[in-house]
Amino acid sequence: MQFVIQGGKPLQGEVAIGGAKNGAFPLMAAALLTGQSTTLHNIPDIADIRNMIELVTALGVEVSFANHTLKIHARQLTSHELKRDISKRLRASIELTAPVLVRLGKVVFPHPGGCVIGERPIDLFLDGYQKMGAISSVIEEMHELSMERPKAITFVFPSMSTTATMCLMMLGTIADGTTTLINCACEPEISMLADFLNQAGANVSGAGSPTITIEGIEKYPDREIAFSNIPDRVETGSFLFLAAATKGHLTLTHTNPSHQAVVLDLLARMGVTTTITADTIEIFPPDVMKAVSVKTHEYPGFATDLQSPLIIALTQANGKSIVHETVFEGRMFWLEDLKRMGAHVMILDTHRGSIEGPSKLKGKELKSPDLRAGMAYIIAGLVAKGKTTIHDVEIIDRGYEGIEEKLKALGADIKRVS
Ligand code: EPU
């Protein structure tokens, strides 16, 4: 499928931000861990969530999903093996290894794939699981882990990892004592997961800071859980840079501005005005934008997933910006396509790109390389003069719900063509 965009249209209006993709996955995994009857609200209806539902269903779990509400009750799990084909394409599948290991004492899974944005190793997961007592082997390209009740440990992450922090936190909740995790990732999705686990009966403290302490419980109590997922930080940031790049006037609703401190500050430094309420952000069309240099960083720093939408905005700013990607090493190559559109960009090395603006972009034929660069191409197409065709938009559907409907409602000329 393709998106065909006629750029240059003024964008204005309101856009409702959906629930966090990367928040929905750990909530689903945690529902498997607790085995409680769980209702999750604000779950985005995107391809990756449908894939996760398929994985969970194949483990014997009852799931229903309608109107952004997901009901999930893992009374029992009937398989300890994650479906190979889907897991290989979905990085978040690794989050299911923790609950399956706890519930069945064994889990078999392939190396989890996901967007091609550099190496995506799982050494931190395996190291943590082994220190908590798991025995690990690889048989016919499938990882196998088995363990009794997890041992409570003090674990130091040599580097921060979002999903590895989530997994060891889940294991710690039913470990045989106090687990301390040090140098944890601090994303709001991790604090939310701790809130969910605590509501379910766990004792987790410190999530959202680099040190998390967990008092293990013997088993989760039998109770019904209803829980609301947080708004998607990356969808919010994508629409903010889309507005800046196209000089649009947008109001984002159903979002959480307190998760966007660094993005809002960056926009202010670029000369873009925003105003916030508790759950909205209004962004005003800038007269001129100034170049800024940015390094991506773990939360609360500037998110790697927003690096590509930001770069499109920087092509319209006055001056030279350097964007330094510190989290992944394969997230700069798409700049070659941006160059073909007429942007003055250079790949300095695998981690750094330079952008000289403002430049006039011309519509081109493009192919989505990964989810976030795909979104950047949409923004570039909206800025560009003429027609832009983006192929393989299924990659964008993995993470952005109804993107063309949302954009059409703002005045964009975008069509989905199969
Ligand atoms: N890392 C290791 N070993 C590990 C795990 C990670 O070396 O065992 C490294 C990675 O290679 C990377 C760094 O640690 O250089 C950070 O990766 P992290 O583990 O934090 O990433 P992740 O948990 O695999 C999540 C999101 C990504 C997002 C990153 C960073 C999910 C499903 N994915 O990935 O989201 O970019 O955190 O914030 O939560 C996206 O949504 O488009 C996306 C790629």
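This is a short walk through the structure in your viewer, one selection at a time. Keep in mind that you are looking at a predicted model.

**Stop 1: the two domains**

Colour residues 2-18 and 231-417 one way, and you have domain 1. Give residues 21-217 another colour for domain 2. Going by their C-alpha atoms, the centres of the two domains lie 30 Å apart. Where they touch, domain 1 puts in 20 residues and domain 2 puts in 23.

**Stop 2: helices α1 and α4**

Now select residues 21-34, which is helix α1, along with residues 97-104, helix α4. How do these two run relative to each other? Their axes come within 8 Å and cross at roughly 5 degrees. Since angles under 35 degrees count as roughly parallel, that makes α1 roughly parallel to α4.

Show the side chains here. From α1 you'll find Ala 29, Leu 32 and Leu 33, and they meet Pro 99, Val 102 and Arg 103 of α4. Sorted by type, the residues of this contact are five nonpolar, no polar and one charged.

**Stop 3: helices α6 and α7**

Next, pick residues 162-172 for helix α6 and 188-200 for helix α7. The axes of this pair come within 10 Å, with a crossing of roughly 15 degrees. That again means a roughly parallel arrangement of α6 and α7. As for its hand, the crossing of α6 and α7 is right-handed.

Which residues make the contact? On the α6 side, turn on Thr 162, Thr 165, Met 166, Met 169 and Met 170. On the α7 side, turn on Glu 189, Ile 190, Leu 193, Ala 194 and Leu 197. This set splits into seven nonpolar, two polar and one charged.

**Stop 4: a four-stranded sheet**

Last, head for an open sheet with mixed pairing, whose four strands are ordered β17-β18-β20-β19. Which strands stand at the edges? Select 294-295 for β17 and 344-349 for β19: each has a single partner strand, so one side of each has no neighbour in the sheet.

Add β18, residues 319-324, and follow how β17 pairs with β18: the sense is parallel, over two bridges. To see one match-up, click Val 294 and look across to Val 323, its bridge partner in β18.

Finally, show residues 307-314, helix α10, which packs on this sheet. Helix α10 touches β17, β18 and β20 (352-357), and its direction makes about 170 degrees with that of β18.

Terms used:
Residues are numbered from 1 along each chain as its sequence is written. This is a predicted model: local features need pLDDT of at least 70, side-chain atom pairs count only at pLDDT 80 or more; totals for chains, interfaces and linings use all residues. Side-chain values use heavy atoms; hydrogens and water are left out. Axes are lines fitted to C-alpha atoms, for helices over the stretch in contact, and angles run from 0 to 180 degrees between N-to-C directions. Angles under 35 degrees count as roughly parallel, over 145 as roughly antiparallel, 65 to 115 as roughly perpendicular and the rest as oblique. A crossing is left-handed if the near helix is turned anticlockwise from the far one by less than a right angle, and right-handed if clockwise. Contact means heavy atoms within 4.5 Å. Ala, Val, Leu, Ile, Met, Phe, Trp, Tyr, Cys and Pro count as nonpolar, Asp, Glu, Lys and Arg as charged, and the others, Gly among them, as polar. Two strands pair if DSSP finds at least two bridges between them. Domain bounds come from an automatic or database domain assignment.
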